[in-house]
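Work through the following exercises with the sequence and the structure at hand. Each task is followed by its solution in steps.

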Amino acid sequence: MNTEKVTARRLTAEEVSELGLQDGIFVSAEMDGLPLDCYAPAFLTEPGKSFEGGSFTAKTSFGQEIHVLPDNAEERGIWIADKAGEEIEVLQSAGVLLNLALFVPNGNMESLDSLYAAARDAFGAGIVQRWSEEVVAVPDVKVDLFEEPARGRKNASSQRDRRALDIYPTRVRFLEPSDGWKFIVEPHKEVVDDTPTI
């Protein structure tokens, strides 16, 4: 775990209510119920004055949402950098977590193990880890995956507003449509260029 010592001061609920979205704070680095004895850089999810009841919500730089009652002595509280404060341990970002979906043509467990071994050789045995693994047989088929606005415009012409995304159906599980758009899946049509040639 990569941490650094930061001089910070614990804030009261009244002080937190004066903070805005751009103010950097530190909150408990607890992740999915895993208690970590240090803090994480964070920001409030809305201006402090917008919260009611003394409970504040902050989002850490690692994507965790933490609900905090600053005046509760049993909680870790909300801290802000201050040279007149005390030293706390702050969790640092040590890298990037990649979620990969790999398509291996004619793949079997032997080829997957080779890929895994090559990644470990490239990045280090302690770095590359299998968090979860799912082997799915991929049909030899292509589809056209488009995005279209979720609500069609009135008096729209026959030409639909759409964006082409992909032609392999297995990747759909790992994609999400843009806000206000929906997925359209159609049988794949090869593009035929019928421009006359001389």
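**Exercise 1.** List the residues that L44 touches, then place L44 in a nonpolar core.

Step 1. Not counting residues up to four places away in sequence, L44 touches V16, L19, G20, L21, I25, F56, T57 and A58; contact means heavy atoms within 4.5 Å.
Step 2. L44 is among the residues with the most contacts inside the largest nonpolar core, which has 15 residues. Such a core is a set of buried Ala, Val, Leu, Ile, Met, Phe, Trp, Tyr and Cys residues joined through side-chain atoms within 4.5 Å.
Step 3. Two or more residues each come from α1 (13-16), β2 (25-28), β3 (39-44), β4 and β5 (65-68).
Step 4. Another core, of 7 residues, lies apart and includes F26 and W79.

The model is predicted: local features need pLDDT of at least 70, side-chain atom pairs count only at pLDDT 80 or more, and totals for chains, interfaces and linings use all residues. Residues are numbered from 1 along each chain as its sequence is written, and side-chain values use heavy atoms, with hydrogens and water left out.

**Exercise 2.** Is T57 buried or exposed, and which side chain does T57 join in a polar contact?

Step 1. T57 is in strand β4 (residues 56-60).
Step 2. T57 counts as buried because its relative accessibility is 11% (buried is under 20%, exposed over 50%, partly exposed in between; 1.4 Å probe, protein chains only).
Step 3. The side chains of T57 and H67 are joined by a polar contact of 3.0 Å (a pair of N or O atoms within 3.5 Å; within protein, one must be able to donate a hydrogen and the other to accept it, and residues adjacent in sequence count only if both atoms are side-chain atoms).

Notes:
Helices (H or I, at least four residues) and strands (E, at least two) are DSSP runs, numbered from the N terminus.
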